[in-house]
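Welcome! Below are some exercises, each followed by a worked solution. Take a look at the model first, then try each task before reading on.

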Amino acid sequence: MDTTTAVSTARPASRRSAGPAFLAQRWPTVAALAFALIGTPAEASVEILTEMMMLLPFLYLVTAVLDRPRAVWVVFPASYTAWFVVRALDVVRSTVLIGAAAAAVVVVGAVRGRLRDRRFLVQAAGMVAFGALGLVALAVDPDVARYIVAAGWFLHGVWDLVHHRLRVTVDRSFAEFCAVLDIAVAVALVLV
């Protein structure tokens with residue numbers, strides 16, 4: 001048999017299986033979609049989603065100070081658990097605590113010499129920008145706030161995709177997880 005006329009039965013390299021192997025590779029996307037469905041209550045108020053949005057850049061800021069991208073997988077549940085407890089205790093406004101915590105992280109970053117690290121400065125700027133967006137959302141009419149918060153979640157999803165592409169600050173799996181989750185929440189906010 002002539003090998004030049006033999007027909008290959010192998011799949012082209014450009015086609016990927018949609019089976020379990022693909023899902024295993026895309027576990028952050030699957031986890032984010034599950035989290036969006038289960039972990040984000042449909043009855044969540046715009047205020048709660050605003051506060052949750054303000055925590056997103058905080059995760060990146062803390063991870064930048066630690067300079068350990070995989071630490072974000074510990075920072076994420078720890079930060080949201082602390083936020084949930086503070087919110088339940090209702091001793092201090094969550095937004096005040098988020099701002100104070102972010103300021104403390106910046107001070108720690110300065111002490112650790114991160115003020116010359118462009119990645120840290122970008123995260124600090126992101127914290128300020130998303131924090132300001134959240135404060136604006138809390139100050140306006142709830143109907144308008146919903147779209148501002150949706151824009152914030154969507155923009156943070158874009159922020160995540162940039163981090164995923166550049167492989168900076170946080171673990172790529174988290175950047176993928178966060179991008180999918182953020183965009184899903186943004187879409188839900190607009191469609192609800």
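Contact means heavy atoms within 4.5 Å. This is a predicted model, in which local features need pLDDT of at least 70, side-chain atom pairs count only at pLDDT 80 or more, and totals for chains, interfaces and linings use all residues. Residues are numbered from 1 along each chain as its sequence is written, and side-chain values use heavy atoms, with hydrogens and water left out.

**Exercise 1. Find what T50 touches, and say whether T50 is buried or exposed.**

Step 1. Locate the residue: T50 sits in helix α3. Helices (H or I, at least four residues) and strands (E, at least two) are DSSP runs, numbered from the N terminus.

Step 2. Set aside the neighbours within four places in sequence; T50 is then in contact with G134, A137, L138 and V149.

Step 3. Check the accessibility. Buried means under 20% relative accessible area, exposed over 50%, and partly exposed in between (1.4 Å probe, protein chains only). T50 has 0% relative accessibility, so T50 counts as buried.

**Exercise 2. Describe the overall make-up of the protein chain.**

Step 1. Count the elements: there are 8 helices and 0 strands. Along the sequence, the pattern reads α-α-α-α-α-α-α-α.

Step 2. Look at burial: 40% of the 192 residues in the protein chain count as buried.

Step 3. Look at the contacts between residues at least 6 apart in sequence: 77% of them join residues at least 24 apart.

**Exercise 3. Which helix gives the largest share of the largest nonpolar core?**

Step 1. Recall the term: a nonpolar core is a set of buried Ala, Val, Leu, Ile, Met, Phe, Trp, Tyr and Cys residues joined through side-chain atoms within 4.5 Å. In soluble globular proteins, nonpolar side chains tend to be buried together.

Step 2. Pick out the best-connected members. The largest core has 45 residues, and L49, L59, Y60, Y80, W153 and F174 touch the most other members.

Step 3. Name the main supplier: α3 gives the largest share of this core, 14 residues.

Step 4. Follow one member. Leaving out residues up to four places away in sequence, Y80 touches M52, L55, L56 and L59.

**Exercise 4. Check the span of α3, and find how many of its residues are buried.**

Step 1. Work out the expected span, which is 1.5 Å times one less than the number of residues in the helix. For the 21 residues of α3 this gives 30 Å, and the end C-alpha atoms are 31 Å apart, which agrees.

Step 2. Count the buried residues: 18 of the 21 in α3 are buried, so this helix is largely enclosed by the rest of the structure.

Step 3. See what comes next: α3 is followed by D67, whose phi is positive, near 55°.

**Exercise 5. Trace salt bridges that link distant parts of the chain.**

Step 1. Use the cut-off: a salt bridge is a side-chain nitrogen of Lys or Arg within 4 Å of a carboxyl oxygen of Asp or Glu. A search of the whole structure finds 7 salt bridges.

Step 2. Begin with E176 and R26, whose side chains meet at 2.6 Å, N to O. E176 lies in helix α8 and R26 in the loop between α1 and α2, so the pair ties together parts that are 150 residues apart in sequence. E176 is buried at 9% relative accessibility, whereas R26 is partly exposed at 30%.

Step 3. Turn to E51 and R87, where the closest N and O atoms are 2.7 Å apart. E51 is in helix α3 and R87 in helix α4, 36 residues apart. E51 is buried, with a relative accessible area of 2%, while R87 is partly exposed at 26%.

Step 4. Finish with D67 and R119, which meet in a salt bridge at 3.9 Å, N to O. D67 is in the loop between α3 and α4, and R119 is in helix α6, 52 residues away. A network of salt bridges links D67, R114, D117 and R119.

**Exercise 6. Where is H163, and what does H163 touch?**

Step 1. Place the residue: H163 belongs to helix α7, and H163 is buried, with a relative accessible area of 5%.

Step 2. List the contacts. Not counting residues up to four places away in sequence, H163 touches Y60, Q123, V168, T169 and A175.

Step 3. Compare positions: H163 and Y60 are 103 residues apart along the chain, and their C-alpha atoms are separated by 9.9 Å.
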